[in-house]
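Welcome to my notebook. I went through this structure one topic at a time and wrote down what I looked up.

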Amino acid sequence: MKSKLKSDNNFFYKYLLLWNRFKNYKGGLIGFYLFLVVIFIALFVPFLPLCDPYSIKFQSFLPPSFSHPFGTDEMGRDIFSRVLWGSRTSLSVGFGAALVSSIVGVLFGSLAGYVGGKLDELLSRIIDIFLMIPAFFLILLIVAIYGSSIYYVMLVIGLTTWPSTARIVRAQILSLKEREFIYAQKVIGSSTFRILFVHLIPNSIQPIFANSILQVASAILLEAGLSFLGLGDPNVVSWGKMIYSGTSYIFTSWWIAFFPGIAIVVTVASLNLIGDALVTILSPKTEERGAYA
Amino acid sequence: MNLLELNEISVEYQLGKNNILALSNVSFSMYPKEILGILGESGSGKSTLALTIMRALPKNARIIGGEVIFNGKNLLNLSEDELNSIRWKEISIIPQNSMNSLSPVHKIRDQLRDILLLHEPKLDEKEAINIMEEKLRLANISEDVLDKFPHQLSGGMRQRILIAASLLCNPEIIIADEPTTGLDVVTQYQILKELKNLQSAKGFSMMIISHDISVISNTSHRTVVMYGGKVVEIGPSDSVVGSPLHPYTRMLLEVQMEISKKTQNELHSRTNFNKLHKSVGVNFAHHSGCPFVQRCPFATEKCKTEAPTLLKVNNDHYVSCFLFNK
Amino acid sequence: MEWKDYLLRRSAQLLLTVFFALIINFLIINLAPGDPAALMAGELATKEYIEAVRERWGLNKPIPERLVSYLLNVLQGNLGYSYTYLQSVSTLIAERIPVTLLLTLTSSIIAFFVGLLLAVKTSQKAFSKVDLFVSNVMLTIYSIPSFWLGLMLIGIFGVALRIFPTSGMVNVRSTGSGVFLILDIAYHSILPIVTLATIQVPIYYKIARNTIVEQSSEDYVSTFLMAGMSTSSIFKKYVLRNSLLPPVTVFALHLGYVLSGAALVEVVFGWPGMGRLLLSAVYSRDYPLIMGIYLVTSITVSLANFFVDILYTLLDPRVRYK
């Protein structure tokens with residue numbers, strides 16, 4: 001059988017196969033297209049014909065109308081453009097946190113899995129301790145004490161959520177390191193670094209990939225919660241903060257809090273749908289035998 | 001007189017958009033008090049065969065033709081109620097042994113009892129325990145296992161429990177699906193010996209399904225060789241193993257057992273060895289032609305389009321191959 | 001005999017993790033930027049008060065000594081004094097815990113059973129249109145921010161329909177007690193509990209459904225099918241029992257978050273629970289209070305993990321009988 005070493009034609013072929021199977025998951029597809037819309041908005045929002053999200057020149061508390069599809073908030077800002085601009089904050093925190101989490105997770109997990117022995121035990125203990133810490137509280141604490149810029153938030157969320165990635169990587173490495181192609185590499189004298197970074201880790205990417213997408217989703221929710229509590233970056237437009245300001249006016253101007261929330265649900269749900277479909281595809285037991293050829 | 005008769009059984013599976021033929025016009029009989037061996041590799045259809053007889057095929061399988069005659073009745077036409085009176089009481093199965101062939105969170109006693117009471121609901125607790133203990137003894141395993149969980153027992157012990165389970169209602173036919181998988185050689189030998197002794201002592205008929213020719217040749221009276229969902233050879237085990245006729249059987253034997261120098265030389269001169277020892281791909285049945293055509297060193301054009309049928313060559317020895325069309 | 005050994009070992013682990021929690025707790029606060037004494041004394045403190053705080057808590061001593069006195073204090077049950085609430089931290093926490101528990105325990109239990117029931121209903125026809133539809137709906141529900149959901153429920157049921165109260169744990173204008181108080185609290189708890197339960201149902205649904213689907217293709221199912229058992233009997237007697245462990249494990253793990261998980265909902269509904277206590281402590285930099293809350297929640301999580309491990313040995317015969 002062809003070895004699973006990463007090489008150019010293998011790469012694209014694998015992803016084509018993956019897309020073929022992914023197509024069969026209606027939920028995942030809906031999520032995928034929704035997410036394309038969100039990404040499009042986040043990327044091109046400066047070029048869209050929108051009101052200035054910071055401008056307070058409009059009348060406050062206007063209900064949704066043709067000129068202001070989502071109405072205006074308590075300071076007279078157009079909510080529609082604020083919601084669209086807010087996508088940048090959420091997506092950057094989401095991806096940023098997931099990136100940090102993945103990098104740290106891959107590092108710790110692969111070291112634990114490959115080196116094994118005492119190092120593995122120590123790292124597993126650290127992972128357990130981290131998992132024991134209520135993440136939300138910890139993030140709250142650190143952001144409150146140390147600072148609340150958007151990069152800080154990304155970093156903190158990433159540093160509190162890496163254990164789940166690490167566990168997956170460790171399990172993958174443990175199962176892969178006994179395989180023949182690794183043994184062959186050792187025999188020809190490849191360094192540990194090379195074995196890890198050229199062979200083991202690239203072959204562990206798939207399950208990490210699915211897990212990371214779900215982490216982006218939860219990071220977005222975390223960020224929303226943080227800015228709702230007033231602990232997010234004060235300089236950016238954030239959906240959580242918008243909901244917070246809409247709280248006091250829920251009795252009269254429901255739209256201030258409503259639309260940012262919908263935006264969160266759409267964005268997070270699209271990611272969760274994609275991620276869940278991927279997890280189902282990539283773990284053979286949960287996929288039905290014979291339903292999808 | 002036949003105990004069980006399979007006539008032109010064909011079964012196909014639906015996998016996505018494709019229909020895969022697993023059994024194609026399979027016919028053979030089983031006689032009373034005999035051990036019939038079904039020999040075949042993965043993909044030959046032997047497990048499907050067992051599931052078909054037990055009427056336990058998965059939802060995506062369809063029986064597209066043939067009949068299974070037992071006691072004068074076609075099992076494929078029976079209602080659920082009629083089937084329930086036959087299942088386990090007349091025909092039972094020793095399923096393939098794996099870690100989870102029995103529920104890991106229930107005690108052996110509860111699982112055996114559930115199976116027993118399914119077919120003899122009127123029994124009270126004491127009678128049920130007596131029967132369970134008796135069958136466990138027959139299967140050569142201590143009654144202590146009743147209080148244990150499957151993971152506490154060795155592979156051989158779990159195999160014996162499955163054997164005991166199959167004996168619960170004193171059936172006339174017992175199907176043993178790969179009774180030696182996962183066992184070490186010594187335990188394999190013991191299990192096979194015990195099965196043979198059980199069969200001759202109790203007088204039921206046994207169908208042993210295996211890919212291992214030594215299992216078949218050591219236990220069965222007659223052998224059915226399957227390939228690609230079709231029966232390619234049937235005969236008394238001594239005949240089939242001693243003088244195999246079908247090219248596939250000959251290949252199997254050469255690979256798994258020593259054969260006489262003469263036959264070896266004969267094969268050598270007419271063979272492309274690469275073809276013979278080609279790694280096994282999944283060999284699904286074909287709708288036309290001989291299923292072995294791709295690996296057969298004697299294949300001709302005819303073999304690709306026409307399917308050979310079973311021909312009698314010797315006393316009770318049949319083979320399905322154009323080589324023998326005289 | 002072996003079980004007792006495991007219990008001992010696991011208890012030792014528990015104490016160790018609690019100890020680590022204490023240390024981490026201490027370090028985070030004490031490594032923060034700024035003068036810890038000034039921070040603890042509060043923004044309105046005079047120089048003398050700051051020095052007094054420094055003396056009292058030994059902040060002029062090196063860190064290892066401070067750590068020791070902190071640990072000794074904790075062992076005596078002294079978690080410090082909150083200068084924003086002017087009460088001892090332990091009292092404050094003790095007051096708030098039942099409030100939070102009412103919300104989190106009730107909602108978790110409801111979510112567990114609702115999720116389990118839904119899973120049992122849909123997983124028997126796995127991958128059918130209904131099953132896939134419900135799974136996707138669950139994923140979407142799981143994507144809803146809890147605070148927004150609470151807010152929307154207030155808007156719909158509290159404002160528009162005027163069925164439920166819009167905030168608070170009790171009606172501040174009433175002075176009832178006893179049964180009336182209980183009913184009032186219950187009435188006020190419906191919306192927040194519904195909010196929390198809704199968000200959690202997808203978690204239990206998913207783990208239950210996936211486990212059931214996985215178990216349904218296990219070999220023992222085919223063994224019993226061939227023995228003639230009906231699919232519904234196999235499901236009820238065997239598949240369900242084999243599928244119970246993961247959801248129960250998840251539930252037990254969630255118990256760890258029983259003190260911290262409702263923070264956002266407490267804020268939205270104005271309930272005086274642990275979450276809100278922590279938030280006000282964080283806003284006002286009330287460090288003794290922060291440390292106390294953090295410690296209690298860490299211990300709760302460790303206890304929950306400990307509980308899960310023990311539960312596992314009791315429920316899973318594969319672990320219990322080695």
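**Entry 1: the core**

I began with the nonpolar core, keeping in mind that this is a predicted model. The largest nonpolar core holds 217 residues, and I looked up which of them touch the most other members: Ile139(A), Leu140(A), Ile175(B), Met207(B), Leu278(C), Ile290(C) and Ile293(C). I then asked which element gives the most to this core. H10(A) does, with 15 residues.

I picked Ile139(A) for a closer look. Setting aside residues up to four places away in sequence, I found that Ile139(A) touches Val156(A), Ile157(A), Thr160(A), Leu222(A) and Leu226(A). There is also a second, separate core of 14 residues, and among its members I noted Ala112(A), Leu123(A), Trp162(A) and Leu200(A).

**Entry 2: where chain A meets chain C**

Next I turned to the contact between two chains. I found 36 residues of chain A in contact with 39 residues of chain C. On the chain A side, the elements giving two or more residues are helices H2 (26–44), H4 (117–132), H5 (135–146), H8 (192–228), H9 (239–247) and H10 (255–282) of chain A. H10(A) gives the most to this side, with 9 residues. I also sorted the chain A side by class, and it has 26 nonpolar, 6 polar and 4 charged residues.

**Entry 3: confidence in chain A**

How far does the predictor trust chain A? I noted an average pLDDT of 82, with 91% of the residues scoring at least 70. Among the elements of chain A, helix H1 (residues 8–22) has the lowest mean pLDDT, 71, while H9(A) has the highest, 92. I marked residues 286–293 of chain A with a pencil, as pLDDT stays under 50 there. The model has 19 contacts beyond four places in sequence for that stretch.

**Entry 4: a covered strand in chain B**

Met207(B) was in my core list, and I went on to its strand, E8 (residues 205–210) of chain B. How many of the residues of E8(B) are buried? I counted 6 of 6, so to speak: the strand is mostly covered. Side chains in a regular strand alternate between the two faces of the sheet. On one side of E8(B) I found Ser205(B), Met207(B) and Ile209(B), on the other Met206(B), Ile208(B) and Ser210(B), and all are buried.

Then I looked up the strands that pair with E8(B). Strand E3 (residues 35–39) of chain B pairs with E8(B) in the parallel sense over 5 bridges, and Ile35(B) has Met206(B) as its bridge partner. Strand E7 (residues 173–177) of chain B also runs parallel to E8(B), joined by 5 bridges, with Asp177(B) standing opposite Ile209(B). From E7(B) the chain crosses through helix H6 (residues 185–202) of chain B to E8(B), and I noted this β-α-β crossover as right-handed.

**Entry 5: an open sheet in chain B**

I stayed in chain B for a sheet with antiparallel pairing. Its 4 strands form an open sheet in the order E2-E1-E4-E5. Which strands stand at the edges? They are E2 and strand E5 (73–74) of chain B; each has a single partner strand, so one side of each is left without a neighbour in the sheet.

Strands E1 (residues 4–15) and E2 (residues 18–30) of chain B run antiparallel and are joined by 9 bridges. I noted one pair here: Glu12(B) has Leu21(B) as its bridge partner in E2(B). The hairpin of E1(B) and E2(B) has 2 residues between the strands, and Gly16(B) takes a positive phi near 65 degrees in it.

**Entry 6: one loop residue**

For a single residue I chose Val293(B), which is found in the loop between helix H11 (273–276) and helix H12 (301–305) of chain B. Why does Val293(B) count as partly exposed? It has 19 C-beta neighbours inside 10 Å, and being buried takes 20 or more. Beyond four places in sequence, Val293(B) is in contact with Ala299(B), Cys303(B) and Lys304(B). The C-alpha atoms of Val293(B) and Lys304(B) are separated by 6.3 Å, and these residues are 11 apart along the chain.

**Entry 7: chain C as a whole**

I closed with chain C, which has 15 helices and 2 strands. Its C-alpha atoms fill a box of roughly 85 × 60 × 40 Å along the principal axes. Of its 322 residues, 42% are buried. Among contacts in chain C between residues at least 6 apart in sequence, 70% join residues at least 24 apart.

Technical notes
Residues are numbered from 1 along each chain as its sequence is written. Chains are lettered from A and ligands numbered from 1 in the order in which they are written. This is a predicted model: local features need pLDDT of at least 70, side-chain atom pairs count only at pLDDT 80 or more; totals for chains, interfaces and linings use all residues. Two residues are in contact if their C-beta atoms, placed from the backbone, lie within 7 Å. Ala, Val, Leu, Ile, Met, Phe, Trp, Tyr, Cys and Pro count as nonpolar, Asp, Glu, Lys and Arg as charged, and the others, Gly among them, as polar. A residue is buried if 20 or more other C-beta atoms lie within 10 Å of its own, exposed if 12 or fewer, and partly exposed in between; C-beta atoms are placed from the backbone. pLDDT is the predictor's confidence in each residue, from 0 to 100. A nonpolar core is a set of buried Ala, Val, Leu, Ile, Met, Phe, Trp, Tyr and Cys residues joined through C-beta atoms within 7 Å. Two strands pair if DSSP finds at least two bridges between them. A crossover is right-handed if, with the strands pointing away from the viewer, the path from the first strand over the helix to the second runs clockwise.
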